[in-house]
Every structure is written in structure tokens, then in C-alpha cells.
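The exercises below are meant to be worked through with the sequence and the coordinates open side by side. Each one sets a task and then follows it with a solution in steps.

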Amino acid sequence: ARPLVIDTDPGIDDALAILLALGSPEVDLRLVTTVHGNVELPQTTDNALRVLHLAGRSDVPVAAGAAESLVFPQPERAGHVHGVTGLGGVELPPSPAAVDPRPAVVALAELLMASDEPVTVAAIGPWTNVALLLGTYPEAAARIGRLVLMGGSAGRGGNVTAAAEFNVWSDPEAAARVLGSTIPTVLVGLDVTIPTVLDEDGVARFAAAGPVGATAAAILQQYLDHARTAYGTSGVVVHDALALTEAIAPGTLGTVRRDVVVDTGNGPSRGQTLVDRRSVSDSPTAVDVAETVDSAAAVEFLVARLAGLAAR
Ligand code: BDR
Ligand code: CA
């Protein structure tokens, strides 16, 4: 199995993404690093520990990272989307495991330097930790085999402002640094996540498979309500879980190599990803932008893996 690290701000869809990874034999989740984002860092860290414990995997280390964005404080958390505790109002049992004493970037750098195999890093919160890794341990960052980023938008506008997607908007300076790196990167943005809707039948399938599935379904309830108002969908838009699907099964998404820059100005499009779709790029900093998705297949993958995990 390929070594995997998830950098995350759980978060309802983050929780689903972590469970998806745990239910997928292709990857070996070696480390979870947490970041501020949907809610404050102490809460995202505690949520990550609890989600791993829910799946019986409190052996996976959790290291806490950045409590705030690189330059400016994130303008607003997303408690209105994810619930004040970040997990849709569901109270998961506390984990017996303690948080790893190392800062996230140290834990990540040590893992990257020690691994004989290429490590996939999936960053599904604001990209502050990844930017800090690039700045503080560049030789370790250069060893990332594949960086799968959830965030941005090529042609769909934003979800938190008219222009910007939440993860990029939360820390545009970090996003600019990360997208300016030469790490092999896949950008999974709103163009592919918004059309990928998990409907109630899908939820019912893993909810019926066992207690882990039933708990995952309960967590999703809040997100279901949000998706209806925010995206007009009668199902859940599971952004982070789709990014994890691409991390687990490379090639799930149709990608094109593009130049991408981030608006770090203070105007109305702060945090917008500007994807140059005029041409395919061969620049070393170009990223593989996800542009097409077979949403039905991606949702089936997610449901089957969660049902399998819940049935264990
Ligand atoms: C992203 O924003 C967060 O609220 C979600 O967890 C996801 O990572 C989608 O824009
Ligand atoms: Ca997230």
C-alpha cells in the first residue's frame, strides 16, 4: 500500500475523507496533520483523533499544525456549514490516544525523510501547513511523491465569495506558495466537487452497514442541509472525499496541466485561483488541474468503501 498523509481541518467532508482512506487497501495512512480552517485548531485536532478512534485506528498519529494563516487571520471559520464543533453536532467518543508532541511540519518532514517509497500528501484544509513545510523543510517537501490539494476553482467561481473557494480563501498567501512549488500536484477544485453529489440512497447504503457507517451518516446530516441551500443539490457535496478518491486511485479525475496563480490582493477576488485554460503548460510549477469527473463512479467508490469499512 502507498504511504499517505492527510492534512486536514475536520470538518464533515474531512471526516468522510479520513474514513474513506481507512477503508481503502491501496493506501496506508501513516500520519494525520491538522490545520485551522472549518473550526479552530484545537477542535480540528480533537476531531481528527475522534474520527480515527471511531474507525478503531487510534494508532495513526495526529500532529497539530498551524493555528492561523501565514499572514492575515482567516476572515471567518465555517461553523455555520460544519456545526460549531465541526462534525455536524454529532458527539463522537473521545479518543484514548494523545496528540503527537511534534509540530505537524516536523512530523511530516521526519516521515518524508524516512520513507523509502514516495509519499502521497492530501491537503484538504487551508494549505498553511504545506506552505510552512516548503519554507522550513524544503528538502523534505521535495520528497513528496504526489500532492493532492482540495481547493480552488477553474471556472465555477467560488463558494465562500463569488470568486474564491474556502480553503484557498482561508490562506491565499499559503496557497500561492504551494501552487508555486515544483512538487507534482493535482488540484481538485469546485469544478469537479460540486457536480459530485452523494445522494440519500448512497448514504443509506453505508449507514446500514454498521455503527461506523451509521455515525458517518449522522455527521452528514448537517452537510446535507447546507448543500441544499449553498449548491441547490438534494444530496451532499463531498469535496474532500473526492480529493481522497483521486489520492487513493490516481486517474479518477481527468486532469490537464495548467499554470495557476492565486489572487493575494485585497480586492473582491482575494483567494481566487486563476487557472490559465488557454493552453497546456510545461512549466515546472504547473499543476494538474482536475477538469472532468465521472461523478457516479466516484460516488459509488466512496459508498462501497465506507460500507466495507462499516461492515468490518
Ligand atoms: C472545502 O471547504 C471546507 O469547508 C471543506 O471541508 C472543504 O475542504 C470546500 O470548499
Ligand atoms: Ca476540509
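**Exercise 1. The surroundings of a leucine**

Which residues does leucine 20 touch, not counting residues up to four places away in sequence? Locate this leucine in the predicted model, list its contacts and decide whether leucine 20 is buried or exposed.

*Solution.* Begin with the secondary structure, where leucine 20 is found in helix H1. Once residues up to four places away in sequence are left out, leucine 20 touches Ala241, Leu244, Thr245, Leu302, Arg305 and Leu306. The next step is to count neighbours: 27 C-beta atoms lie inside 10 Å, and because a residue with 20 or more is classed as buried, leucine 20 counts as buried. Finally, consider the separation along the chain, since the C-alpha atoms of leucine 20 and valine 303 are 8.8 Å apart although 283 residues separate them in sequence.

**Exercise 2. The contact seen from the other side**

Take alanine 241, one of the residues touched by leucine 20, and determine in which helix alanine 241 lies and with which residues it is in contact, leaving aside its neighbours within four places in sequence.

*Solution.* Alanine 241 lies in helix H12, which covers residues 239–248. Its contacts, with neighbours within four places in sequence set aside, are Asp13, Leu16, Ala17, Leu20 and Leu302. Helix H1 spans residues 12–22, and Leu20, which is among the contacts of alanine 241, is found in that helix. Alanine 241 has 30 C-beta neighbours inside 10 Å and therefore counts as buried. A further check is the distance to isoleucine 12, whose C-alpha atom is separated by 9.9 Å from that of alanine 241, with their positions 229 residues apart along the chain.

**Exercise 3. The loops on either side of H1**

Describe the loop that leads into H1 and the loop that follows H1, using glycine 11 and serine 24 as reference points.

*Solution.* Glycine 11 lies in the loop between strand S1 (2–8) and helix H1 (12–22), and the peptide bond that joins proline 10 to glycine 11 is cis, with omega near -10°. Serine 24 lies in the loop between H1 and strand S2 (27–34). Despite its place in a loop, serine 24 counts as buried, because it has 22 C-beta neighbours inside 10 Å. Its contacts, not counting residues up to four places away in sequence, are Ile248 and Arg305. The C-alpha atom of serine 24 is also separated by 8.4 Å from that of leucine 309, a residue 285 places away along the chain.

For contrast, turn to another loop residue, proline 184, which lies between helix H8 (172–179) and strand S6 (185–188). Here there are 14 C-beta neighbours inside 10 Å, so proline 184 counts as partly exposed. Proline 184 touches Arg146 and Leu147, again not counting residues up to four places away in sequence.

**Exercise 4. The packing of H11**

At what angle do the axes of helix H11 and helix H13 cross, and which residues of H11 meet those of H13? Repeat the analysis for H10 and H11.

*Solution.* Two packed helices are described by the angle between their axes and by the distance between those axes. The axes of H11 (residues 211–231) and H13 (residues 295–311) come within 6 Å and cross at roughly 130°, and the two helices are therefore oblique to each other. In this contact Val212, Gly213 and Ala216 of H11 meet Leu306, Ala307, Leu309 and Ala310 of H13. Sorted by class, the contact has six nonpolar residues, one polar residue and no charged residues.

Helix H10 (residues 200–207) packs with H11 at an angle of about 145°, and their axes are 7 Å apart. Val203, Phe206 and Ala207 in H10 meet Gly213, Ala214, Ala216, Ala217 and Leu220 in H11. The residues of this contact divide into seven nonpolar, one polar and no charged.

**Exercise 5. The whole chain**

How many helices and strands are there in the protein chain, and how does its radius of gyration relate to the globule rule?

*Solution.* The protein chain has 13 helices and 12 strands. Its radius of gyration is 17 Å, close to the 20 Å that the globule rule gives for 312 residues, so the chain is as compact as a globular protein of that length. Buried residues make up 57% of the 312 residues. As for confidence, the mean pLDDT of the chain is 97, and 100% of its residues reach 70 or more.

Technical notes. Residues numbered from 1 in each chain as written. Chains lettered and ligands numbered in written order. Predicted model: local features only at pLDDT ≥ 70, side-chain atom pairs only at ≥ 80, totals over all residues. Axes fitted to C-alpha atoms, helices over the stretch in contact; angles between N-to-C directions. Helix = DSSP H or I, 4+ residues; strand = E, 2+ residues; numbered from the N terminus. Parallel < 35°, antiparallel > 145°, perpendicular 65-115°, else oblique. Contact = placed C-beta atoms within 7 Å. Nonpolar A, V, L, I, M, F, W, Y, C, P; charged D, E, K, R; others polar. Rg over C-alpha atoms; globule rule 2.2 N^0.38 Å. Buried ≥ 20, exposed ≤ 12 C-beta atoms within 10 Å, placed from the backbone. pLDDT = per-residue confidence, 0-100.
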